[in-house]
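Colleague: Please take a close look at the aromatic rings in this structure, and at how they pair. A plain account for a first-year student would do.

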Amino acid sequence: MGFLERAIRRGVSDAVGKAIGNAVTKAVEPTATELANKAAAHIDSATQSAARQTPRATSGLEGAFTNLERAAQGYATEAAKNMKICPNCEKPTASDKKFCPECGCALPEQTVAQGAVCTSCGTQNTIGTKFCQECGAKLPAAIEEDDRKARKDAAELARWEELLAPFPKWNCGGSEFNIEEYDPGNFVFSAGFDGNIAAAQRAVEQYRQLLLEHGFRQAGQYPCKEQLFKRIDGIVYNVDTEHCFEGDPDRASIGFCAREPYGGFDYVKPEPKKNRDIDLKDLKKFFKF
């Protein structure tokens with residue numbers, strides 16, 4: 001296989017993936033790959049022939065990619081008419097099933113293709129798009145995805161009372177919430193902001209303010225605003241917002257645990273020693289003149 005054909009195959013693969021979208025790719029991948037291989041060989045042959053005849057081979061190649069992408073979109077739409085995607089494990093399955101054969105979760109009533117039909121104007125849109133290409137209305141699949149994420153986030157926040165009861169509940173935005181216990185009694189809560197780094201940073205600042213309003217404060221020998229503490233029934237609780245973005249910059253991760261700050265919760269900085277002038281009367285107590 002020559003360099004040009006390898007490059008074309010990569011381009012074809014990207015075009016097919018772009019057209020189909022992640023949810024459908026796994027189900028149609030074998031056929032799509034076969035189409036891509038055939039198209040790559042055809043485009044390679046046509047391009048080499050065109051290069052010998054005209055300097056406009058590049059524009060012909062771009063046209064071929066455009067046609068391929070349209071063909072992939074059409075194929076994905078046809079395949080999606082008889083396909084449902086599990087909202088839990090994302091496994092594609094036949095449209096006549098009511099429950100996912102992989103995890104047992106209830107499947108949506110609509111097929112993937114039906115989820116891309118605009119309820120306002122009836123246009124069948126490309127699989128994987130969120131808004132109608134004709135009128136701009138939000139598509140049913142996108143609405144269902146947003147609702148599913150909201151339900152999942154609500155369920156995760158419902159665990160807060162069980163796992164993070166001493167701390168004020170997060171109400172600072174974001175999505176895809178997750179509470180994880182990485183060591184016994186040590187938890188991390190995280191919230192995603194879909195690429196908006198500034199929004200993630202603002203959310204952390206808002207949560208720090210919420211902590212202060214609930215009686216958390218700086219403490220210990222080395223106090224800082226990123227480490228806040230509160231004593232409740234004799235136990236000192238700590239919220240760590242110092243290492244929020246050591247993973248993804250658009251995902252806020254906050255640590256929760258019970259621990260004393262260095263030097264103790266009630267640490268008080270010692271007063272500096274005062275230098276006083278030597279008084280002659282004081283010396284007379286020790287020396288005779």
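Modeller: What follows goes through the ring pairs, with a short look at a pocket and the cysteines afterwards. The model is predicted, with local features needing pLDDT of at least 70 and side-chain atom pairs counting only at pLDDT 80 or more, while totals for chains, interfaces and linings use all residues. Residues are numbered from 1 along each chain as its sequence is written, and side-chain values use heavy atoms, with hydrogens and water left out.

The structure holds 10 aromatic pairs. Rings of Phe, Tyr and Trp (its six-membered ring) pair if their centres lie within 6.5 Å; planes under 30 degrees apart are stacked, over 60 edge-to-face, and the rest tilted. F167 and F256 have ring centres 4.8 Å apart and planes at 65°, so this pair is edge-to-face. The two residues are 89 apart: F167 is in the loop between helix 5 (160–163) and strand 3 (175–183), and F256 is in strand 7 (residues 251–258). Helices (H or I, at least four residues) and strands (E, at least two) are DSSP runs, numbered from the N terminus. Both F167 and F256 are buried; buried means under 20% relative accessible area, exposed over 50%, and partly exposed in between (1.4 Å probe, protein chains only).

F256 also pairs with Y207, edge-to-face, at 6.2 Å centre to centre and 75° between the planes. Y207 lies in helix 6 (residues 197–213) and F256 in strand 7, so this pair ties together parts 49 residues apart in sequence. Y207 is buried too, as is F256. Ring pairs link these residues into a cluster with others, among them W160, W170, F177 and Y237.

A ring can also have a charge over it: the charged end of R217 sits over the ring of F265, 4.2 Å from its centre. The rule is that NZ of Lys or CZ of Arg is within 6 Å of the ring centre and within 35 degrees of the ring normal.

The lining of the second largest pocket has 1 nonpolar, 2 polar and 7 charged residues. Ala, Val, Leu, Ile, Met, Phe, Trp, Tyr, Cys and Pro count as nonpolar, Asp, Glu, Lys and Arg as charged, and the others, Gly among them, as polar. A pocket is an open set of points on a 1 Å grid over the protein atoms alone, where a 1.4 Å probe fits, with protein on both sides within 12 Å along at least five of seven lines; lining residues have an atom within 4 Å of a point.

Last, the cysteines. The whole structure has 0 disulfides, a disulfide being a pair of cysteine sulfur atoms within 2.5 Å. For C118, the nearest cysteine sulfur, that of C135, is 3.5 Å away.
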